There are 2 protein chains.
Amino acid sequence: MRVNEKAATIYDIAKLAGVNPSTVSRALTTPGRINATTEAKVREAAKQLNYRVNPFARALPTGKTKMLAFMVADITNPVFFKLVRGAEQAAAELGYTLVIAESQESSLVESDTLERILPSVDGVILGTTRLSDQEIYALNQQKPVVLVNRKVDGVSDVVPDNSPGIAEAVKHLADLGHKHIAFVAGPNASWINADRWNLLMENAVDLGMTIAEISSNEPTVDGGRAAFARVRAAGVTAVVTYNDLMAIGLLREATAQGVNVPTDLSIIGFDNIFGSDFTNPPLSTIELPLQKIGTEAVETLLKSFIAEQDGPLHGTSEVASLLVRGSTAKAKA
Amino acid sequence: MRVNEKAATIYDIAKLAGVNPSTVSRALTTPGRINATTEAKVREAAKQLNYRVNPFARALPTGKTKMLAFMVADITNPVFFKLVRGAEQAAAELGYTLVIAESQESSLVESDTLERILPSVDGVILGTTRLSDQEIYALNQQKPVVLVNRKVDGVSDVVPDNSPGIAEAVKHLADLGHKHIAFVAGPNASWINADRWNLLMENAVDLGMTIAEISSNEPTVDGGRAAFARVRAAGVTAVVTYNDLMAIGLLREATAQGVNVPTDLSIIGFDNIFGSDFTNPPLSTIELPLQKIGTEAVETLLKSFIAEQDGPLHGTSEVASLLVRGSTAKAKA
DNA sequence: ATTTGTTTGGCAACCGCTTGCCAAAAGTTG
DNA sequence: CAACTTTTGGCAAGCGGTTGCCAAACAAAT
């Protein structure tokens, strides 16, 4: 079935070009190191033989694999789509191959998987991680790590600035006359959850609103659905949820219970995931430039390869912003 | 920043266990080849040193990389989520690492990417491909290929059986009294599009219905939206779309135009993607066991490593089925 | 006790590429 | 033109495994 006419090696090129293999290696990897004429000759021979470096042979002596790991908790969570795509494209562009790994929301699976692929990659991006700060710190000792949406001392990260989006959202709600709002929180341990909650609280208080925390929910559609009763109990007229999935669950449950969104309850989600505009009404949400964040994550990782000694890098050029669709309206009098 | 205390090698183990490196290699890779006591000693030493094989060092002499490529047209297309997850899990379980590559719907990008990662992988799964039959055939000469949802002579594939789901769907529509239906087709060149259309036509004719083909649309939400006018022009009371994305676009456009779904128009999608139940009404759709298909794709690929000579393999144990939600109703009298 | 067969483990070559070191060739300088 | 510097390219030693071949050790058979 397979043909497998042995791929050309630098030895084949060397023979064809009449030079030493080491010369071929240098011609191809260190432009300028050898005579331009010789280099051209080598390149010509390489082309003629349709030569591709053997990445493994190259990785052995150099230790560089040109592969990056991207860890996510759940591949099917739409939050990651754009993140992954941004990372994938940036990686491809820079000559790196992205390996996507899924932890299935389990820190055990995550460590195992990481352990398995760590030898194969030059660095890792933790898209979402269940690992503890210490584990992350330890991981970062082995291979460069870039965290997305989380901060750990001494580790590089890319975390967007949520505050503009959150400020807009709270202002939007205030403008609509809402006085009492709530935050439907995600996982307790989540760094980003705490960040969002703190920002929300500050802004709400500043604008003279009260804000309740409906805490510790699964960051899923079901989690949002399950939080509905507590949202009603809190007696608020508007909520911001930890993410869109929860907002959608909440929205659907509200509708099912005969509570109209947005007239009875305004809902703002987070992330602008795929499908968040399929709902009825379409979801208003705080949008993150996820694709750019993905791109920035790999760029940051690559930078950290060079600047090993300079301590952790922080990519923070991205900001959140509010996207108003149909799930917010004037507060009921 | 990095510690990088050189990872242990088989030489370290050999020294610790007082044996030759080759013995270590055999103890670890060919159980039974050497004395059980020695093997235990070696394993103990390996554990003590926290040894991990260097996949690159291993790959050099063997040519086996334990990596698989999974090519998709668009990472952000939700159809692939479950497919990818199934593949990822199966791969991880079998000790393989999945590299996900995106062709961005371009056959050029696709060949380039493939060319780039081909040396690094043992085989490739083509989740969706823009490549021609000949290109696929050629690719398959270089490394084992498994096609998903497409057939090419001489190449292994995993294609689910669409007929049960399609039969159910047509029957469902017939039972609801629909006499004139349409198929909103996807890309012309798509193998699976043709398959679905043919099946649909057969079934419709068998049940005495007329069926129109609204052809050659982008397989996206916008594509579905754009097809709406032609659907109306066709004067049908129900449609089946090439995929859910199109169904959603069609549904939204219909609603926007004041055409009620399902009372004025029944819609059935394909794939049961994430978000297809967010719509109003939630979409009825023909469901594919995508995760299982992903799993089966990697299993088929691995099988083909062993059975090189036995010709192409075909995994076809999965079947489509109809999932009735809210977008279908009795035909208007 | 000798022959024959089977385990077991060491030796060394090899996978394809990189790179430090060195010598020959070419270029500069006074 | 000699003395010195720079450029260029070859040599060979790895990187960390795998594996064919072989000999020593042990077991079974005669």
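# Close-up views of a predicted two-chain model with DNA

**View 1. Strand S1(A) pairs with strand S2(A).** Six bridges link S1(A), residues 67–72, to strand S2 of chain A, residues 97–102, and the two strands run parallel. This is a predicted model. One bridge pair to look for is Met71(A) in S1(A) with Ala101(A) in S2(A). In a regular strand, side chains alternate between the two faces of the sheet. On one side of S1(A) sit Met67(A), Ala69(A) and Met71(A). On the other sit Leu68(A), Phe70(A) and Val72(A). Both sets are buried, so both faces of the strand are covered. Six of the six residues of S1(A) are buried, so the strand is largely enclosed by the rest of the structure.

**View 2. The largest nonpolar core, seen around Leu68(B).** Nonpolar side chains in soluble globular proteins tend to be buried together. Here the largest nonpolar core holds 172 residues. Which of these residues touch the most other members? They are Leu68(A), Ile125(A), Leu68(B) and Ile125(B). The view picks out Leu68(B) with its contacts, leaving aside neighbours within four places in sequence. Ala91(B), Tyr96(B), Leu98(B) and Val99(B) are among these contacts. A run from Val121(B) through Asp122(B), Gly123(B) and Val124(B) to Ile125(B) also touches Leu68(B). Val298(B) and Leu301(B) complete the list.

**View 3. Chain A meets chain B.** The contact takes 39 residues from chain B and 39 residues from chain A. On the chain B side, H4, H5 (79–93), S2 (97–102) and H6 (107–117) each give two or more residues. The largest share of that side comes from H5(B), with six residues. By class, the chain B side has 20 nonpolar, twelve polar and seven charged residues.

**View 4. The two copies superposed.** A turn of 180° with a shift of 0.0 Å along the axis lays chain B on chain A, at an RMSD of 0.0 Å. The copies are thus related as by a two-fold rotation axis. The same surface serves both copies: 100% of the contact residues of chain B recur in chain A.

**View 5. The protein surface near DNA strand D.** There are 25 residues around DNA strand D. Which come nearest? From chain A, they are Asn20(A) and Ile34(A); from chain B, they are Ser22(B), Ser25(B) and Ala57(B). Helices H2 (21–29) and H4 (55–62) of chain A, and H2 (21–29) and H4 (55–62) of chain B, each supply at least two residues of this surface. H2(B) gives the largest share, six residues. The classes here are eleven nonpolar, eleven polar and three charged residues.

**View 6. The protein surface near DNA strand C.** DNA strand C has 24 residues around it. Thr9(A), Ser22(A), Ala57(A), Asn20(B) and Ile34(B) come nearest. H2 and H4 of chain A and H2 and H4 of chain B each supply at least two residues of this surface. By class, the surface near strand C has ten nonpolar, eleven polar and three charged residues.

**View 7. Pro61(A) in helix H4.** Pro61(A) has its place in helix H4 of chain A. Is Pro61(A) buried or exposed? With 8 C-beta neighbours inside 10 Å, Pro61(A) counts as exposed. Val236(A) lies 175 residues away from Pro61(A) along the chain, and the two C-alpha atoms are separated by 63 Å.

**View 8. Two cis peptide bonds.** In chain A, a cis bond joins Asn280(A) and Pro281(A), with omega about -5°. Pro281(A) is in the loop between S9 (266–270) and S10 (284–287) of chain A. In chain B, the peptide bond from Val261(B) to Pro262(B) is cis, with omega near 15°. Pro262(B) is in the loop between helix H11 (244–256) and strand S9 (266–270) of chain B.

**View 9. Positive phi at Asn272(A) and Ser216(B).** Asn272(A) has phi near 50°, a positive value in a residue other than glycine. Asn272(A) is in the loop between S9 and S10 of chain A. With 24 other C-beta atoms within 10 Å, Asn272(A) is buried. For Ser216(B), phi is near 55°, again positive in a residue other than glycine. Ser216(B) is in the loop between S7 (210–214) and H10 (221–234) of chain B. With 14 C-beta neighbours inside 10 Å, Ser216(B) counts as partly exposed.

Methods: Residues numbered from 1 in each chain as written. Chains lettered and ligands numbered in written order. Predicted model: local features only at pLDDT ≥ 70, side-chain atom pairs only at ≥ 80, totals over all residues. Near = placed C-beta within 6 Å. Helix = DSSP H or I, 4+ residues; strand = E, 2+ residues; numbered from the N terminus. Nonpolar A, V, L, I, M, F, W, Y, C, P; charged D, E, K, R; others polar. Least-squares fit on C-alpha atoms with pLDDT ≥ 70 in both. Contact = placed C-beta atoms within 7 Å. Core = buried A, V, L, I, M, F, W, Y, C linked by C-beta atoms within 7 Å. Buried ≥ 20, exposed ≤ 12 C-beta atoms within 10 Å, placed from the backbone. Pairing = 2+ DSSP bridges.
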